[in-house]
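Let's walk through this one together, a question at a time. Have a look at the fold and the ligand site first.

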Amino acid sequence: MTPTDAKRPLQLNDQGQLRHFLSLDGLPRELLTEILDTADSFLEVGARAVKKVPLLRGKTVCNVFFENSTRTRTTFELAAQRLSADVITLNVSTSSTSKGETLTDTLRNLEAMAADMFVVRHADSGAAHFIAEHVCPEVAVINGGDGRHAHPTQGMLDMLTIRRHKGGFENLSVAIVGDILHSRVARSNMLALRTLGCPDIRVIAPKTLLPEGIEQYGVRVFTDMNEGMRDVDVVIMLRLQRERMQGGLLPSEGEFYKLYGLNTQRLELAKPDAIVMHPGPINRGVEIESAVADGAQSVILNQVTYGIAIRMAVLSMAMSGQTAQRQIDSESVSEEQQ
Ligand code: NCD
């Protein structure tokens, strides 16, 4: 595993604006901050009686979910609706066709519907990149989670949660705990925290749930949770991704909970005002105690609310980046013709 991603420029237009949103890898701090600032302004829209702005009026957003999802799918739908777009959601089964065929066929069908944006979730790492490379040039592609690779809108909604509760990233200790190996959320969070200047990023997990080369992300690794939790400001718990495990990685869930579950006593090792986060769905009694998940330090439901604002920010920014690129392209064509 390596944190460098050769496909980065695909996401940006000639002026460095967002055009697709596939991974946080290589995106500059200014762009991440712009996403957070834009999302902050959209949070106010969600609090209005009429929760709509006309930014994507006349545009069609198509959610293409090759993998199940509740939170991500519905918050993308709401985000697009609050921007006044027309929204359709396709739940595509991956069981019968091979990856290349499914993606290409689906793509052609969606293009035929004249969608302006695709939000893609897929069990295979790289699926959103594949679509962005093959789709017609005026369509923006947003990654809603691909395999173990990336979940950039989740990463950014986690950053918005931290910034709103802690004011910034410069003096923070953040611990990411649990099944790092299978987690696209962990990867996006490590990249975002590093780019935004967090000086102490810790990962806490058993050796069997840590990917090789994790140190390249600039994190400190702890296999002892009690050590890793000491004086942290933020704890990000991850779900045990049992559907991605091929046996043998864990002795048992009970053992995992004993060693890596977040309970009230362990939370006391963190700073007294530490916040507890989780991307959901949570497994109560597997990685987190109910008293902690529902407790005063938990911001798990705030994350869901912030997720709509982040998705509104990303959809609107990518759409305007696409429009700007089209303008640039048409100007260069007319210059050539002169
Ligand atoms: C995460 C995902 O799908 O990667 N969930 C989410 O998007 N809300 C994390 C998970 O499934 O554990």
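Q: How far does a polar side-chain atom of Gln241 lie from an oxygen atom of the ligand?
A: This is a predicted model, so please read the distances as computed values. Gln241 is one of the residues that surround the ligand. A polar atom of the Gln241 side chain is separated from a ligand oxygen atom by 2.8 Å.

Q: What percentage of the ligand's accessible area does the protein cover?
A: Beside Gln241, the side chain of His151 places a polar atom 2.7 Å from an oxygen atom of the ligand. For Arg239, an N or O atom of the side chain is 2.7 Å from a ligand oxygen atom. On its own the ligand has 310 Å² of accessible area, and the share covered by the protein is 93%.

Q: Which strands stand at the edges of the sheet with the order 7-6-5-8-9?
A: This open sheet has 5 strands, and their pairing is parallel. An edge strand has a single partner strand, so one side of it is left without a neighbour in the sheet. That description fits strand 7 (220–222) and strand 9 (275–277).

Q: Which helix packs on this sheet, touching strand 5, strand 6 and strand 8?
A: Strand 5 (residues 173–177) and strand 6 (residues 200–204) run parallel and are joined by 5 bridges, with Ile176 opposite Val203 of strand 6. The helix in question has a direction that makes about 170 degrees with that of strand 5. Spanning residues 184–195, it is helix 6.

Q: In the open sheet of 4 strands, which residue of strand 4 is the bridge partner of Met117?
A: The strand order here is 2-1-3-4, with parallel pairing. Strand 4 (140–146) is an edge strand, pairing on one side only. Its pairing with strand 3 (residues 117–122) is parallel and runs over 5 bridges. The partner of Met117 is Ala140.

Q: What angle does the direction of helix 4 make with that of strand 4?
A: Helix 4 covers residues 127–134 and packs on the sheet. Both strand 3 and strand 4 are touched by this helix. Relative to strand 4, the direction of helix 4 is at about 165 degrees.

Q: Is helix 1 roughly parallel or roughly perpendicular to helix 5?
A: Helix 1 (residues 29–46) and helix 5 (residues 152–166) have axes 10 Å apart, at an angle of about 70 degrees. Angles of 65 to 115 degrees count as roughly perpendicular. Therefore the arrangement of helix 1 and helix 5 is roughly perpendicular.

Notes: Residues are numbered from 1 along each chain as its sequence is written. This is a predicted model: local features need pLDDT of at least 70, side-chain atom pairs count only at pLDDT 80 or more; totals for chains, interfaces and linings use all residues. Side-chain values use heavy atoms; hydrogens and water are left out. Two strands pair if DSSP finds at least two bridges between them. Helices (H or I, at least four residues) and strands (E, at least two) are DSSP runs, numbered from the N terminus. Contact means heavy atoms within 4.5 Å. Axes are lines fitted to C-alpha atoms, for helices over the stretch in contact, and angles run from 0 to 180 degrees between N-to-C directions. A residue is near a molecule or strand if one of its heavy atoms lies within 4 Å of it. A polar contact is a pair of N or O atoms within 3.5 Å; within protein, one must be able to donate a hydrogen and the other to accept it, and residues adjacent in sequence count only if both atoms are side-chain atoms. Accessible areas come from the Shrake-Rupley method with a 1.4 Å probe; for residues, only the protein chains shown count as cover. Angles under 35 degrees count as roughly parallel, over 145 as roughly antiparallel, 65 to 115 as roughly perpendicular and the rest as oblique.
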